[in-house]
Amino acid sequence: MASQNDCCVKVSLRIRPQMAKEKIEGCHVCTLVTPGEPQVLLGKDKAFTYDFVFDIDSAQKQIYAACVHKLIEGCFDGYNATVFAYGQTGSGKTYTMGTGFDVNVQEEEQGIIPRAVHHLFLGIKERKTQAQQQGTHPPEFKVSAQFLELYNEEILDLFDGARDPDCKSRKSNIKIHEDS
Ligand SMILES: Nc1ncnc2c1ncn2[C@@H]1O[C@H](COP(=O)(O)OP(=O)(O)OP(=O)(O)O)[C@@H](O)[C@H]1O
Ligand SMILES: [Mg+2]
C-alpha cells in the first residue's frame, strides 16, 4: 500500500492574489498559511491541511516544480498522470493551468500546460541524443494531444478546424453518454 507521502492522489491549494476590484472594494485576505506547513487557516480557527499549499506570492515555476515535474518524468517510465484544476469561477484555474493562450505571456507567467509540453519534448530530445551518443538505437516516442472544452454539459473539440471560430454554432458532434 502506498505510504501517505507516496499516495497516488495529491491535492494542492493555491491562493491567488486579490484582484484590483477586490482591493478597491476593501476585501480582506482571510487566509493565513502556516509557515513551513501545507496548512491554511481560514479566519481564526478553521485549519485545513493539503499535500501542498501555495500562498499568494507563489510563482508558476514553483507550482510546476512541486506538483507536475515528477509526473512528466514519470511518463518516460510508463506512468500515467492527470493534473486538473478545480475551483469556483475566478479562482485562478485558467491562470494556473496556462490555457489562456496569449503569445505575449512572459515565460515566468506560463502555466502548467505550456511548461509540461516543453518539458516533455525536451525529455524526448535528451533521450534521443543520449542514445545516439551511446551508439544505441534511439527510442521512439509518440505524442498525441486532445484539447476539449466541457461547458454546460456539452463537449467541444477545440482542435476541430471545421468548428465555427466565431462560435455562433457551437454544436459539437461529440456526445456525452451516461453509460455504455
Ligand atoms: N496566481 C495568480 N496570480 C496573478 N493573477 C492571477 C492568479 N490567479 C488568477 N489570476 C487572475 O485572476 C483572474 C481570474 O483567474 P482565472 O481566469 O484563471 O479563473 P478561473 O478559475 O479560470 O475562472 P473561470 O471558472 O471563470 O474560468 C484572471 O484575471 C487571472 O489572470
Ligand atoms: Mg477559466
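User: Where is threonine 82 found in this predicted model, relative to helix H2 and H3?

Analyst: In this predicted model, threonine 82 is found in the loop that runs between helix H2, residues 60–75, and H3.

User: What makes threonine 82 count as exposed?

Analyst: The term exposed is kept for residues with over 50% relative accessible area, and threonine 82 has a relative accessibility of 67%, so it counts as exposed.

User: How many residues, and what distance in space, lie between threonine 82 and methionine 19?

Analyst: Threonine 82 and methionine 19 are 63 residues apart in sequence, and from C-alpha to C-alpha they are 29 Å apart in space. Methionine 19 is one of the residues that surround ligand 1.

User: Why is ligand 1 said to lie between domain 1 and domain 2?

Analyst: Ligand 1 lies between them because its shell takes residues both from domain 1, which covers 1–58, and from domain 2, which covers 59–140. The surrounding residues include Arg14, Arg16 and Pro17, and also Gln88, Thr89 and Gly90. Helix H3, residues 93–97, gives the most to this shell, with 3 residues, and by class the shell has 3 nonpolar, 6 polar and 3 charged residues.

User: What makes the approach of lysine 93 to ligand 1 a polar contact?

Analyst: A polar contact needs a pair of N or O atoms within 3.5 Å, and an N or O atom in the side chain of lysine 93 is 2.6 Å from an oxygen atom of ligand 1, so the pair meets that cut-off. The side chain of threonine 94 likewise has an N or O atom 2.8 Å from an oxygen atom of the ligand, while for glycine 90 a polar backbone atom is 2.8 Å from an oxygen atom of ligand 1. Of the 630 Å² of accessible area that ligand 1 has on its own, the protein covers 63%.

User: How do you know that cysteine 27 and cysteine 30 are in no disulfide?

Analyst: A disulfide requires two cysteine sulfur atoms within 2.5 Å, whereas the cysteine sulfur nearest to that of cysteine 27 belongs to cysteine 30 and is 9.7 Å away; for cysteine 30, the nearest is that of cysteine 27. The structure accordingly holds 0 disulfides.

User: Why is cysteine 27 called partly exposed, and cysteine 30 exposed?

Analyst: Partly exposed lies between the 20% limit for buried and the 50% limit for exposed, so cysteine 27, at 36% relative accessibility, counts as partly exposed. Cysteine 30 has a relative accessible area of 52% and is therefore exposed.

Methods: Residues numbered from 1 in each chain as written. Chains lettered and ligands numbered in written order. Predicted model: local features only at pLDDT ≥ 70, side-chain atom pairs only at ≥ 80, totals over all residues. Heavy atoms only, no water. Buried < 20%, exposed > 50% of the residue type's maximum accessible area, 1.4 Å probe, protein only. Near = heavy atom within 4 Å. Polar contact = N/O pair within 3.5 Å; in protein donor to acceptor, adjacent residues only side chain to side chain. Areas by Shrake-Rupley, 256 points an atom, 1.4 Å probe, with all protein chains shown as cover. Helix = DSSP H or I, 4+ residues; strand = E, 2+ residues; numbered from the N terminus. Nonpolar A, V, L, I, M, F, W, Y, C, P; charged D, E, K, R; others polar. Domains from an automatic or database assignment.
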